[in-house]
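I opened this model to look up its pockets and its aromatic rings. My notes follow in the order I worked.

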Amino acid sequence: MNKIIETYADILDLFARIAISLLFLINGYSKIIYFNGTVGWMESYGLPSFFIYPAILLEIIAPVLIIVGYKTKICSILLAGFCSITAIIFLSDFSDQSQLNGFFKNIGLSAGFIFLAINGSKSFSLDAKLVK
C-alpha cells in the first residue's frame, strides 16, 4: 500500500488540495451572490457586517492559492483558523445534532488544513516549482 501511495503522492496531493478547497470557493462565491442575506445571518449572531469582506476574501483567495500550491502553508493555517473560529461562533449549539455534526466537520477540515500546513504541497505546485 505504501508503494502505491508513494507512486501517486503528487497526484493525490493535488486532488486533496482541490477537494479541501472547493467548499470554500463555493461558500465565498455564495457569500457574494447572496450578500445581503449572508450579512443578515452574520448580524443575527452579533457580528458586525464588515466581517463579510475578510470572509469573502479569505474564502476566495486562500483556496485558489492552495489549489495552485502557492504559499500553501500560510493559506492552510489561515483556513484552519477560519474553520475553528466559525465552528465556535456558528456551530456551538450542541443540543442541535446538525450543529454538532457541523462543528466536528469544521474541526476536521481545520485538522486537514493543519496537516497540509505541516507537510506543504508536493511537486504539482508553484511552491515546488519556485524552490527549484
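Entry 1, terms. Before listing residues I wrote down what counts as lining: a pocket is an open set of grid points with protein on both sides within 12 Å along at least five of seven lines, and lining residues have an atom within 4 Å of a point. I also noted that this is a predicted model.

Entry 2, the second largest pocket. I looked up its lining and found 13 residues. Those nearest the pocket's centre are Asp-13, Ala-16, Phe-115, Leu-116 and Gly-120. Two elements, α2 and α6, give two or more residues to this lining. I checked which one gives the largest share, and α2 does, with six residues. Sorted by class, the lining of the second largest pocket has seven nonpolar, three polar and three charged residues. I noted its volume as about 290 Å³.

Entry 3, the largest pocket. For this one I wrote down a volume of about 620 Å³. I counted 23 residues in the lining of the largest pocket, and Lys-31, Glu-59, Phe-82, Thr-86 and Phe-90 lie nearest its centre. At least two lining residues come from each of α2 (9–33), α3 (35–43), α4 (52–68), α5 (72–90) and α6 (97–119). The largest share here belongs to α5, with six residues. By class I recorded 17 nonpolar, three polar and three charged residues in the lining of the largest pocket.

Entry 4, aromatic pairs. How many aromatic pairs does a search of the whole structure find? I got nine. One of them joins Trp-41 and Tyr-45, with 5.3 Å centre to centre and 70° between the planes, which makes the pair edge-to-face. I then looked up how open these two residues are. Trp-41 has a relative accessible area of 40%, so I entered it as partly exposed. Tyr-45, at 35%, is also entered as partly exposed.

Next I took Phe-94 and Phe-103. Their ring centres are 4.9 Å apart and their planes meet at 75°, so I logged this pair as edge-to-face. Is Phe-103 buried or exposed? Phe-103 is buried, because its relative accessibility is 15% and buried means under 20%. Phe-94 is partly exposed, at 43% relative accessibility.

Entry 5, a cluster. I followed the ring pairs further and found that they link Phe-24, Phe-82 and Phe-113 into a cluster. I had already met Phe-82 in Entry 3, among the residues nearest the centre of the largest pocket.

How values were computed. Residues are numbered from 1 along each chain as its sequence is written. This is a predicted model: local features need pLDDT of at least 70, side-chain atom pairs count only at pLDDT 80 or more; totals for chains, interfaces and linings use all residues. Side-chain values use heavy atoms; hydrogens and water are left out. On a 1 Å grid over the protein atoms alone, a cavity is a set of points where a 1.4 Å probe fits but cannot get out, and a pocket is an open set with protein on both sides within 12 Å along at least five of seven lines; lining residues have an atom within 4 Å of a point. Grid points are joined across faces, edges and corners, and a volume is the space filled by probe spheres set on the points. Helices (H or I, at least four residues) and strands (E, at least two) are DSSP runs, numbered from the N terminus. Ala, Val, Leu, Ile, Met, Phe, Trp, Tyr, Cys and Pro count as nonpolar, Asp, Glu, Lys and Arg as charged, and the others, Gly among them, as polar. Rings of Phe, Tyr and Trp (its six-membered ring) pair if their centres lie within 6.5 Å; planes under 30 degrees apart count as stacked, over 60 as edge-to-face and the rest as tilted. Buried means under 20% relative accessible area, exposed over 50%, partly exposed in between (1.4 Å probe, protein chains only).
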